[in-house]
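Reader: Hi! Could you walk me through this one? I'd like to start with the cysteines, then hear about the fold.

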Amino acid sequence: MFFVINFVKDVTVSPSDLSKDLTKIIKVKLFEQVTGTCHPKYGYFIKIISVGKIENGLIMEGSGDIVFKIKYQVALMRPFKGEVCDGIINSVMAEGGIHVQVGPMKVYIAEEDLQDGYTLDKKSLSYISDRNKPELKVGAKIRFRYKEIQLNKNNNEFCPIGTIKGKYLGSLED
C-alpha cells in the first residue's frame, strides 16, 4: 500500500559546500539520504514529492558544519498481511521457491505456497504446471497475497512472505 506523509529531517552541509547553490545542495543531500531507505513503521521511502521549508542552519561547534532542518513530503510503500499485490519473478531457487520483486522489496514465495500442480524443472530453473497454467520463470508477472510480514531489525528492511494459493492469484502471463 502507498502513503504520502510529511517528515522533518536534519541535513548537514560542510563549509566547503557553502560557495555553491546551497538550496540545491541541501535538496540533493536530502534525496540521497532518504530515497530507497526503509522506516520500520511507515515503510520504504519511494519518492520525495516536495520539499517545504528549509529552516536557517545551525553551525556545529568544532567542525563548522551547518545543520538545516527540512520539512518534506514523501511517497512511501509498506506491505500489509493479506494485501494482494503484483510483482515480477526475479529468481527461481534450485532449493525450491521463488523471489518476486515489488518495488524495493523482494518477496519470498515458498514452493508449498505455489498453486497445486507446479513442479520445479531444475534444468530451466522454472516451475512447470501439469494443468496448462503458464510457466513460473524469471521475468514472469504474478499476482500474490502477502502471507506474513517480518522486519529485519539489523537493516530495517521488510522480509515479506507471499502465497499464490487462492482465487485470482498466480501468473498474469497469457
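Author: Happy to. This is a predicted model. The sulfur of C38 has its closest cysteine sulfur in C159, 9.4 Å away, which is too far for a bond.

Reader: Thanks! What cut-off are you using for a disulfide there?

Author: Two cysteine sulfur atoms have to lie within 2.5 Å. C38 and C159 are 9.4 Å apart at their sulfurs, so they don't make a bond.

Reader: And how many disulfides turn up in the whole structure?

Author: Zero, after searching the whole structure. C159 is in no disulfide either, and its nearest cysteine sulfur is that of C38.

Reader: Is C38 buried or exposed?

Author: C38 is buried, with a relative accessible area of 10%.

Reader: What about C159, how accessible is that one?

Author: C159 has 32% relative accessibility, so it counts as partly exposed.

Reader: Good, switching topic. How many helices and strands does the protein chain have?

Author: One helix and 13 strands. In sequence order, the pattern opens with a strand, then the helix, and continues with strands to the end.

Reader: Could you pick a hairpin and show me some detail?

Author: Sure, let's take β7 and β8. Strand β7 covers residues 98–102 and runs antiparallel to β8, with five bridges joining them. V102 stands opposite M105 in β8.

Reader: How many residues sit between the strands of that hairpin?

Author: Two residues lie between β7 and β8, and G103 takes a positive phi near 60 degrees in this hairpin.

Reader: Nice. Which side chains of β8 point to the buried face?

Author: In β8, residues 105–109, those are M105, V107 and I109. K106 and Y108 point to the other face and are not buried, so the side chains alternate along the strand.

Reader: Now the overall shape. What's the radius of gyration of the protein chain?

Author: The protein chain has 22 Å, whereas a compact globule of 174 residues would be near 16 Å. Along the principal axes, its C-alpha atoms fill a box of roughly 70 × 30 × 30 Å.

Reader: What share of the residues is buried?

Author: Buried residues make up 35% of the 174 in the protein chain. The accessible surface is about 10,300 Å², and carbon and sulfur atoms account for 51% of that.

Reader: Last one: what about contacts between residues far apart in sequence?

Author: Taking contacts between residues at least 6 apart in sequence, 60% join residues at least 24 apart.

Definitions and conventions:
Residues numbered from 1 in each chain as written. Predicted model: local features only at pLDDT ≥ 70, side-chain atom pairs only at ≥ 80, totals over all residues. Heavy atoms only, no water. Buried < 20%, exposed > 50% of the residue type's maximum accessible area, 1.4 Å probe, protein only. Helix = DSSP H or I, 4+ residues; strand = E, 2+ residues; numbered from the N terminus. Pairing = 2+ DSSP bridges. Rg over C-alpha atoms; globule rule 2.2 N^0.38 Å. Contact = heavy atoms within 4.5 Å. Areas by Shrake-Rupley, 256 points an atom, 1.4 Å probe, with all protein chains shown as cover.
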